[in-house]
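Trainee: I should like to work through this structure by question and answer. May we begin with the strands and then turn to individual residues?

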Amino acid sequence: MSIEVGGVVEGTVTGITKFGAFVDLTDGKVGLVHISEVADVYVNDVKDFLKVGQKVKVKILSVDDHGKIGLSIKRLQPKKPEAPTGMPAQSSSPARRPVGNDFRGRPAGRYPAGPVSFEDKLSKFLKDSDERLTDLRRKTDSKRGGRGSRRSG
(Lines give C-alpha, C1' and ligand atoms only; values in the text may rest on other atoms or scores of the structure.)
Protein backbone atom coordinates (compact mmCIF):
# COMPACT_ATOMS: atom_id res chain seq x y z
CA MET A 1 0.00 0.00 0.00
CA SER A 2 1.61 3.27 -1.07
CA ILE A 3 1.40 6.59 0.72
CA GLU A 4 -0.25 9.11 -1.64
CA VAL A 5 -1.77 12.49 -0.84
CA GLY A 6 -5.55 12.15 -0.71
CA GLY A 7 -5.39 8.43 0.05
CA VAL A 8 -7.13 6.76 2.99
CA VAL A 9 -5.18 4.24 5.08
CA GLU A 10 -5.55 2.48 8.39
CA GLY A 11 -2.97 2.83 11.11
CA THR A 12 -2.31 2.46 14.81
CA VAL A 13 -1.88 5.35 17.24
CA THR A 14 1.66 5.02 18.64
CA GLY A 15 1.99 8.24 20.60
CA ILE A 16 -0.02 11.19 21.82
CA THR A 17 1.35 14.68 22.43
CA LYS A 18 -0.25 18.01 23.30
CA PHE A 19 -0.19 18.99 19.60
CA GLY A 20 -1.46 15.76 18.03
CA ALA A 21 -1.08 12.00 17.67
CA PHE A 22 1.48 9.89 15.84
CA VAL A 23 0.05 7.08 13.73
CA ASP A 24 2.06 4.07 12.50
CA LEU A 25 1.20 3.42 8.84
CA THR A 26 2.39 0.73 6.43
CA ASP A 27 6.07 -0.04 5.82
CA GLY A 28 7.09 1.42 9.19
CA LYS A 29 6.15 4.96 8.17
CA VAL A 30 4.75 7.26 10.82
CA GLY A 31 2.47 10.25 10.25
CA LEU A 32 1.10 13.01 12.48
CA VAL A 33 -2.55 13.83 13.02
CA HIS A 34 -2.40 17.46 14.16
CA ILE A 35 -4.75 18.40 17.02
CA SER A 36 -6.79 20.52 14.59
CA GLU A 37 -7.38 17.44 12.40
CA VAL A 38 -8.60 15.08 15.15
CA ALA A 39 -12.30 16.02 15.28
CA ASP A 40 -14.88 18.50 13.98
CA VAL A 41 -15.26 19.97 17.46
CA TYR A 42 -12.75 21.93 19.55
CA VAL A 43 -10.11 19.54 20.89
CA ASN A 44 -8.51 20.65 24.14
CA ASP A 45 -6.75 17.34 24.83
CA VAL A 46 -6.06 14.71 22.16
CA LYS A 47 -6.31 12.00 24.86
CA ASP A 48 -10.05 12.70 25.07
CA PHE A 49 -10.43 11.40 21.50
CA LEU A 50 -7.62 8.89 20.90
CA LYS A 51 -5.77 6.18 22.85
CA VAL A 52 -2.36 4.62 22.22
CA GLY A 53 -2.83 1.32 20.37
CA GLN A 54 -6.16 2.41 18.84
CA LYS A 55 -6.73 1.53 15.15
CA VAL A 56 -7.79 4.58 13.12
CA LYS A 57 -8.57 5.39 9.50
CA VAL A 58 -6.77 8.51 8.34
CA LYS A 59 -6.63 10.63 5.21
CA ILE A 60 -3.19 11.62 3.96
CA LEU A 61 -3.02 15.41 3.67
CA SER A 62 0.63 15.95 2.81
CA VAL A 63 4.01 14.31 2.38
CA ASP A 64 6.94 16.73 2.44
CA ASP A 65 10.51 16.40 1.11
CA HIS A 66 11.79 15.19 4.50
CA GLY A 67 9.26 12.35 4.63
CA LYS A 68 6.91 13.97 7.16
CA ILE A 69 3.36 12.78 6.62
CA GLY A 70 0.37 14.97 7.58
CA LEU A 71 -2.80 13.07 8.42
CA SER A 72 -6.43 13.86 9.22
CA ILE A 73 -9.19 11.94 10.97
CA LYS A 74 -11.82 14.67 10.85
CA ARG A 75 -11.81 14.92 7.06
CA LEU A 76 -13.08 11.35 6.86
CA GLN A 77 -16.05 12.09 9.11
CA PRO A 78 -19.35 12.98 7.39
CA LYS A 79 -20.03 16.71 7.18
CA LYS A 80 -22.78 18.10 9.36
CA PRO A 81 -25.32 20.24 7.48
CA GLU A 82 -24.84 23.90 8.34
CA ALA A 83 -26.94 26.98 7.79
CA PRO A 84 -25.62 29.12 4.90
CA THR A 85 -23.31 31.92 5.98
CA GLY A 86 -25.07 35.05 7.08
CA MET A 87 -28.35 33.20 7.56
CA PRO A 88 -29.61 32.33 11.02
CA ALA A 89 -30.37 28.68 11.69
CA GLN A 90 -34.03 27.82 11.22
CA SER A 91 -35.91 27.19 14.42
CA SER A 92 -39.26 25.58 14.99
CA SER A 93 -40.49 28.39 17.25
CA PRO A 94 -42.17 31.45 15.72
CA ALA A 95 -40.09 34.60 15.46
CA ARG A 96 -40.58 36.88 18.43
CA ARG A 97 -39.60 40.46 18.84
CA PRO A 98 -37.24 40.93 21.79
CA VAL A 99 -38.52 42.95 24.72
CA GLY A 100 -36.19 45.44 26.39
CA ASN A 101 -32.69 45.15 24.95
CA ASP A 102 -31.55 42.75 22.25
CA PHE A 103 -28.53 40.49 22.69
CA ARG A 104 -26.13 43.37 21.94
CA GLY A 105 -27.68 45.66 24.54
CA ARG A 106 -29.40 47.85 21.95
CA PRO A 107 -33.08 48.78 22.26
CA ALA A 108 -35.25 46.00 20.88
CA GLY A 109 -37.15 46.62 17.68
CA ARG A 110 -34.86 49.47 16.66
CA TYR A 111 -32.82 47.42 14.22
CA PRO A 112 -34.43 45.51 11.35
CA ALA A 113 -34.25 41.72 11.41
CA GLY A 114 -34.08 41.12 7.65
CA PRO A 115 -31.33 41.86 5.13
CA VAL A 116 -30.44 45.54 4.91
CA SER A 117 -28.72 47.34 2.03
CA PHE A 118 -25.37 49.03 2.50
CA GLU A 119 -26.89 52.49 2.02
CA ASP A 120 -29.46 51.82 4.77
CA LYS A 121 -26.73 50.60 7.10
CA LEU A 122 -24.60 53.66 6.35
CA SER A 123 -27.44 56.14 6.91
CA LYS A 124 -28.37 54.34 10.16
CA PHE A 125 -24.74 54.49 11.32
CA LEU A 126 -24.48 58.21 10.52
CA LYS A 127 -27.74 58.97 12.34
CA ASP A 128 -26.66 56.99 15.44
CA SER A 129 -23.22 58.59 15.33
CA ASP A 130 -24.69 62.10 15.19
CA GLU A 131 -26.98 61.30 18.13
CA ARG A 132 -24.06 60.03 20.19
CA LEU A 133 -21.90 63.05 19.37
CA THR A 134 -24.75 65.41 20.32
CA ASP A 135 -25.21 63.63 23.66
CA LEU A 136 -21.47 63.73 24.31
CA ARG A 137 -21.28 67.47 23.54
CA ARG A 138 -24.19 68.20 25.90
CA LYS A 139 -22.54 66.29 28.73
CA THR A 140 -19.17 67.92 28.11
CA ASP A 141 -20.66 71.42 27.88
CA SER A 142 -22.61 70.96 31.12
CA LYS A 143 -19.40 70.02 32.92
CA ARG A 144 -17.69 73.15 31.62
CA GLY A 145 -20.50 75.32 32.86
CA GLY A 146 -22.07 76.42 29.61
CA ARG A 147 -21.74 76.56 25.87
CA GLY A 148 -18.02 76.32 25.34
CA SER A 149 -17.13 79.14 27.73
CA ARG A 150 -13.68 78.97 29.21
CA ARG A 151 -12.52 80.08 32.57
CA SER A 152 -10.21 83.03 32.62
CA GLY A 153 -7.51 82.69 35.10
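Trainee: Through how many residues does a hairpin join S1 to S2?

Mentor: This is a predicted model, in which S1 covers residues 8-17 and S2 covers residues 20-24. The two strands run antiparallel and are joined by five bridges, with threonine 12 standing opposite aspartate 24 in S2. The hairpin that joins S1 to S2 does so through two residues.

Trainee: Which residue in the turn of the hairpin formed by S2 and S3 has a positive phi?

Mentor: S2 also pairs with strand S3, residues 30-34, in the antiparallel sense over five bridges. Phenylalanine 22 stands opposite leucine 32 in S3. Five residues lie between S2 and S3 in their hairpin, and the turn residue with a positive phi, about 55°, is aspartate 27.

Trainee: Is valine 13 buried or exposed?

Mentor: Valine 13 belongs to strand S1. Leaving aside neighbours within four places in sequence, its contacts include Ala21, Phe22 and Val23, as well as Lys51, Val52 and Gly53. Buried means under 20% relative accessible area. Because its relative accessible area is 2%, valine 13 is classed as buried.

Trainee: What is the C-alpha to C-alpha separation of valine 13 and leucine 25 in space?

Mentor: Valine 13 and leucine 25 are twelve residues apart in sequence. Their C-alpha to C-alpha separation in space is 9.2 Å.

Trainee: Which residue has a side-chain polar atom 3.1 Å from the backbone nitrogen of arginine 75?

Mentor: Arginine 75 is in the loop between strand S5 (69-72) and helix H1 (118-144). The residue sought is found in strand S5 and is buried, with a relative accessible area of 0%. Not counting residues up to four places away in sequence, it touches Val33, Glu37, Val58, Lys59 and Leu61. The side chain that supplies the polar atom is that of serine 72.

Trainee: With which side chain does that of arginine 75 form a polar contact of 3.1 Å?

Mentor: Arginine 75 is partly exposed, with a relative accessible area of 48%. Leaving aside neighbours within four places in sequence, arginine 75 is in contact with Glu37, Lys59 and Leu61. The polar contact of 3.1 Å joins its side chain to that of glutamate 37.

Trainee: What distance separates the C-alpha atoms of arginine 75 and aspartate 40?

Mentor: Along the chain, arginine 75 and aspartate 40 are 35 residues apart. In space, their C-alpha atoms are separated by 8.4 Å.

Terms used
Residues numbered from 1 in each chain as written. Predicted model: local features only at pLDDT ≥ 70, side-chain atom pairs only at ≥ 80, totals over all residues. Heavy atoms only, no water. Helix = DSSP H or I, 4+ residues; strand = E, 2+ residues; numbered from the N terminus. Buried < 20%, exposed > 50% of the residue type's maximum accessible area, 1.4 Å probe, protein only. Contact = heavy atoms within 4.5 Å. Polar contact = N/O pair within 3.5 Å; in protein donor to acceptor, adjacent residues only side chain to side chain. Pairing = 2+ DSSP bridges.
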